[in-house]
Amino acid sequence: METALLKPGSETYARASEILSSGGLVAFPTETVYGLGANALDSEAVLSVFAAKGRPADNPLIVHIHDQAQLEPLCILPKGARELMDAFWPGPLTILCEKKPAVPDVVTAGLPTVAVRMPSHPVARDLLRACGLPIAAPSANSSGRPSPTTAAHVLEDMNGKIPLIIDGGMCDVGVESTVLDLCHGDPVVLRPGGITPGMISKVLECEVKVAGSVLRPLRENETALSPGMRYKHYAPHAVVTLVEGPEDRVVPLLRKLYQQQAAEGVKSCVLCFTEHVSALSGCHPHDIGSSSDPSEIAHRLFDILRKLDEEGMEAVFSEVIPPEGVGLAVMNRLGRAAAFRTLQA
Ligand code: TXA
Ligand code: MG
């Protein structure tokens, strides 16, 4: 199959709508990462999303909508959902709701809940309006690779597998949406993203929990509240190690670790803050952004993880940021890329 890469525009949306309404797949930008979309009401189309990604069938998809009226036939809103939708939609917040029968079981992997979100990216919005369908879309990467934040990333993974990628440039947020469970008692963030627990807590005026496995590996026998958390994710081929501790000890340790590996002929690099690039020159530094700007780090992270593979890196040592605000989303993705392997400086 030939994969077309088209700029957004009315002709592109017409072509995309035609593909989606006839059961095909279209990759499109959202404010978080690129999505791989199918008509959420068409089981066959949704099955082909799993096939194109190589995604396990027990990992459910998020349904994307253009306006809240589209939710009525799809789901029943839990308490607090409307307030959060009014506060944060369109935007990077996904909410689990009780599923209605119109949503095919393949979308939710048989779960009684369906994840819904209204993206804010203008291209995603135009596409959703043009096609008039609820669109089931996971991130448009091959399963196990970092999520795509550019059309070029999507092409790397999906070339020849899907008919169309809409190129809307680099995604703004850079990490996937916050996934929030309101269906099982107290609100729980299953996956941290651009909408932080603090922001949610302010609107709901109650405590918001964060799933334990966000910052550590899932324990044996522990059930994943969100099936996606079971899988190894965001993993570059390199062995990634996180280095934490006071700044004056982290930088020398990063240098030492790099030099040890390099001396053994292991292709290595460090991921460091902008502020430390010059101190780590000679250690193949990759600038992840300023330590004072977690949103910038989120924006760059997946592109950097993909570059590590392109460069054939075998060992990577990375700085960490406090897991607060958007930093929680960064440390969740970086932690999982490192399988939570951490050294104390
Ligand atoms: O920002 C995003 O959310 C992007 C863009 C394209 O919208 N999408 C995305 O989809 O990241 P995906 O499929 O890569 O991640 C969806 C996550 C998975 O971890 C999945 O397990 C979880 O949401 N999820 C979906 N439906 C669920 C449900 N009913 N219950 C629990 N977790 C669910
Ligand atoms: Mg994904």
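## Exercises on a sheet and its helices

Strand β14 (residues 268-273) runs parallel to strand β16 (residues 315-318), and 4 bridges join the pair. Keep in mind as you work that this is a predicted model.

**Exercise 1. Place β14 and β16 in their sheet, and find which strands stand at the edges.**

Solution.
- Start with a residue: Val270 stands opposite Phe317 in β16.
- Now widen the view. The open sheet has 5 strands with parallel pairing, in the order β15-β14-β16-β13-β17.
- Read off the ends: β15 (285-289) and β17 (342-344) each have a single partner strand, so one side of each is left without a neighbour in the sheet.
- Finally, look at the twist: on average, neighbouring strands are turned by 25° against each other, with direction ignored.

**Exercise 2. Work out which strands α9 and α10 lie on.**

Solution.
- Take α9: this helix lies across β14, β15 and β16, and runs at about 150° to β15.
- Then take α10: this helix packs on the sheet and touches β13 (239-244), β14 and β16. The direction of α10 makes about 130° with that of β13.

**Exercise 3. Describe how α9 packs against α10, from axes to residues.**

Solution.
- Begin with the axes. Those of α9 (residues 294-310) and α10 (residues 326-337) come within 8 Å and cross at roughly 25°.
- Angles under 35 degrees count as roughly parallel, so α9 is roughly parallel to α10.
- Add the hand: α9 passes α10 in a left-handed crossing.
- List the contact residues. From α9 come Pro294, Ser295, Ile297, Ala298, Leu301, Phe302 and Leu305, and from α10 Val326, Gly327, Val330, Arg333, Leu334 and Ala337.
- Sort them by class: this contact has 10 nonpolar, 2 polar and 1 charged residues.

**Exercise 4. Do the same for α6 and α9: what classes of residue make the contact?**

Solution.
- The axes of α6 and α9 come within 11 Å and cross at roughly 50°, which makes α6 oblique to α9.
- The crossing of α6 and α9 is left-handed.
- On the α6 side the contact uses His153, Glu156 and Asp157, and on the α9 side Asp303, Arg306 and Glu310.
- The tally by class is no nonpolar, 1 polar and 5 charged residues.

**Exercise 5. Find the salt-bridge partner of Glu156 and say where each residue sits.**

Solution.
- The side chain of Glu156 meets that of Arg145 in a salt bridge, at 3.4 Å from N to O.
- Glu156 belongs to helix α6, while Arg145 lies in the loop between β8 (135-136) and α6 (151-158), 11 residues apart.
- For context, the model has a count of 15 salt bridges.

Methods:
Residues numbered from 1 in each chain as written. Chains lettered and ligands numbered in written order. Predicted model: local features only at pLDDT ≥ 70, side-chain atom pairs only at ≥ 80, totals over all residues. Heavy atoms only, no water. Axes fitted to C-alpha atoms, helices over the stretch in contact; angles between N-to-C directions. Helix = DSSP H or I, 4+ residues; strand = E, 2+ residues; numbered from the N terminus. Parallel < 35°, antiparallel > 145°, perpendicular 65-115°, else oblique. Left-handed = near helix turned anticlockwise from the far one by under 90°. Contact = heavy atoms within 4.5 Å. Nonpolar A, V, L, I, M, F, W, Y, C, P; charged D, E, K, R; others polar. Pairing = 2+ DSSP bridges. Salt bridge = Lys/Arg side-chain N within 4 Å of Asp/Glu carboxyl O.
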